[in-house]
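Q: Please take a close look at how helices pack against one another in one part of this structure. A formal account for a first-year student would be welcome.

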Amino acid sequence: MCIRLPNWPQERLCRKRPGPEAERAPADPALDQSPKFGLGAMASARLNLRRGGHALPDMPTEAGGHGTRKSGFDKALVADPSADLSALRKLARWCRRYSPLVGVGESDVPDSLLLDVGGSAHLFGGEESLARQVVDDLSRFGLTAHVAIADTVGAAWALAHDGQPAPTRQPKAARQPKAVREPAIAPAGQHGDRLRTLPVEALRLAGDVVATLDELGIRTIGQLVALPRETLPSRFGPTVLRRLDQALGELPELIEPERPEEPLEARWGSEHPIEDRFAIETILSRLLDELRGRIERRNEGILEFLVELQSPGRDAVRFAVGLVRPTLESRRLSELVRLQLERAAVRGVVGLIVRITRRAPLAADQSTIFDTVRRDGHGTLAWLLDRLSNRLGRDAVLSPKLRPDFQPERAVEYRHVVGPGLRARDGKREPAGSRSVPCRPLRLLPEPAPVVVWSIVPDGPPVRLRWRNADCRIVRCEGPERLETGWWREGPVSRDYFRIDTEDGQRLWLFRSADDAWFVHGEF
Amino acid sequence: MFSYRDGDYEARSMTDKRENIRRELAQQLEKLCALRRPEGRDGVTPTGIPPLDDLLPDGGFRDGTFIEWLGESASGAEQLALLAARPMLRDRGPLIVIDAEKAFYPPAAAPTVDLEQVIAVRPATLADALWALEQSLQCPGVGLTLCRLERLSARAGRRLQLAAERGGGLGFVVRPPAARGQPSWSDLQLSVESVSSESPGRRWQVELLRSRRGAGERAVLMEYDDATNDVHSPSELAPRAPVPKAARA
């Protein structure tokens, strides 16, 4: 069986991974605003412009910048064939439910899966029923699939790619433009006849060979078969005859199966519960050493691993240990485990599991986001960040980044130093002070604190305030600086900010909200 | 029988003697500290702020030192500390801000330091904050560690000072003015007071409260210019604010 996914690069971005979460994908394609690829991106942009009505000048930045709505219309995605291939491999592993032997079809553009259904079709009620189920299952993930079943891999590929030029069945929703193609099934022994009418492109030939054949007027496989067999290699190269033989079943062709990745996991069990923390640390170190040996051969280092401690009658204690850059040093790994164990309530452990969840090549240190860490030759900073993140928690060690947002609370975003979702920064670096940042306080209160303020004239600048149980006279006041966010944002703000100096030498950042209430928001 | 005049003389000579002993001890201490310092870590980085460099005994911050800045909450002590560490950050690398109150606001620091070089650490408890501070200070890959602490015991202070010595970076701890006069292990203790003035820039009076070489009870005035993000001596033309006498005799 061959499953062809003609729109794989676009559709893989639109939809989630195959699995239960894919069921929750929006049913209406108009609601789907995920980033698309190539022409898809433009279509999505048109969709959004139409949906948005008259566009405000800064509206796209607003919606794109805050992630309140995921929209793909502010960026065009670049084709990534390697990501397409790896996603297709993942799909191939998911397709093992239909056949024990699933592989990715070899071609320049990865778009098809090959399945050996010889021994499994009867479990699904026959080949046709199996093919329909595959199409239905994949369409639930938003994937367009062309399915073909034939005696040989080559024939199935040819039928899936050019088997039926016109769609035969329209989906129930008449408005939906997509057409569902009937599975092409060649009965046993009849694939040769079906192939003869197909164009030569269906033989998985290179473009220049197809062009040469076209120049000679050979457009179908039938015409190619009619030529003297022994002249084919000398006239068109060795591939044509090999592909023809593979399609017709003269030459065997094997499917290179996708093997599920072996989980990197080590376990240890005990009959008697272990109470001693030191013993637990020692066992975890041994388990880590065992795993280390397994990934050392691949020249990879550990970036993240999970530890699970099972106790009878209680919930298992689980924690993840993350690193800034991959390592295999057992002393470091054990130290990080110890830091986490200090905080965990560990009692009566009977089972320990260590599972490596993320790893990266040791030599090419691409997993690191920080230039500073990269420049840090001895790795002391990376080691410090590992220790801080594992003892204080991932959310406690953060890297700030400015965002173009007027609302002070949202003008900065924090990213975890350790953990998934890191992206390598581009080479452009802005030296300090190059960006013109308006004067802001070095300490911004997590929540604006209400304050009593007196002004001489209504809506005028403040002259006195009561702050931290003391009346202060304001000796200098600069402002107002009006900061206002768009109406389309949830909880829009409209504030007049003042920078004031009190007679005690304090410099505060005050604001008056839209409803005339005063707040202190920061301290300079 | 001593007359009042003789007693006065006696007291003065005692003070001189004491001063001499103190100076001698400070010199010995300085020598011992230089011996303890690891190889190649005796550099001094000037702050780039002329009045502050004049005030500091070494003309800048010595590597591997732990410095206390005493100032009220909105007095700008942290801002001045960050401005003074600018050359250090340019040469040595990252700034780690231990921010238990989750109040550090990076956009305000962006004109002074490259935010790529800033890591904010947010510990949940004081014990965690001290642990993180110590870890960061003893890391040779860190240029500056900045932390605001209300309370700091002598024992914790000593640990921090030793950690800074091991790491070779700078440790800045900003504390309230109430910490003045308390026992401290810091290499330098500076008091920052915001002084109101007629000029548009912000004025600070910075006083050196203690150093290994002894504090001279000196105070300098400096002015911060928002527009240029620069600190300099107050303009001669601007009306001079009176320099109050040091509170501690």
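A: The following paragraphs examine one helix and its two partners, and then turn to the wider setting.

This is a predicted model, in which local features need pLDDT of at least 70 and side-chain atom pairs count only at pLDDT 80 or more, while totals for chains, interfaces and linings use all residues; side-chain values use heavy atoms, without hydrogens and water. Residues are numbered from 1 along each chain as its sequence is written, and chains are lettered from A and ligands numbered from 1 in the order in which they are written.

Two packed helices are described by the angle between their axes and the distance between the axes. Helices here are DSSP runs of H or I with at least four residues, numbered from the N terminus. Their axes are lines fitted to C-alpha atoms over the stretch in contact, and angles run from 0 to 180 degrees between N-to-C directions.

In chain A, helix H13 (residues 330-343) packs against helix H12 (residues 277-296) at about 140°, with the axes 10 Å apart. This angle makes H12(A) oblique to H13(A), since angles under 35 degrees count as roughly parallel, over 145 as roughly antiparallel, 65 to 115 as roughly perpendicular and the rest as oblique. Their crossing is right-handed, meaning that the near helix is turned clockwise from the far one by less than a right angle. Where the two helices are in contact (heavy atoms within 4.5 Å), the residues of H12(A) include Ile280(A), Leu284(A) and Leu288(A), and those of H13(A) include Leu333(A), Val337(A) and Leu341(A). The contact residues divide into six nonpolar, three polar and six charged; Ala, Val, Leu, Ile, Met, Phe, Trp, Tyr, Cys and Pro count as nonpolar, Asp, Glu, Lys and Arg as charged, and the others, Gly among them, as polar.

H13(A) also meets helix H15 (residues 380-392) of chain A, where the axes come within 8 Å and cross at roughly 25°. H13(A) is therefore roughly parallel to H15(A). This crossing is right-handed. Among the residues in contact are Leu336(A) and Leu339(A) of H13(A), and Trp383(A) and Arg387(A) of H15(A). They comprise three nonpolar, two polar and seven charged residues.

As for confidence, chain A averages a pLDDT of 76, and 78% of its residues score at least 70, on the predictor's scale of confidence in each residue from 0 to 100. Over residues 365-369 of chain A, pLDDT stays under 50.

Finally, chain A contacts chain B, with 50 residues from each chain taking part.
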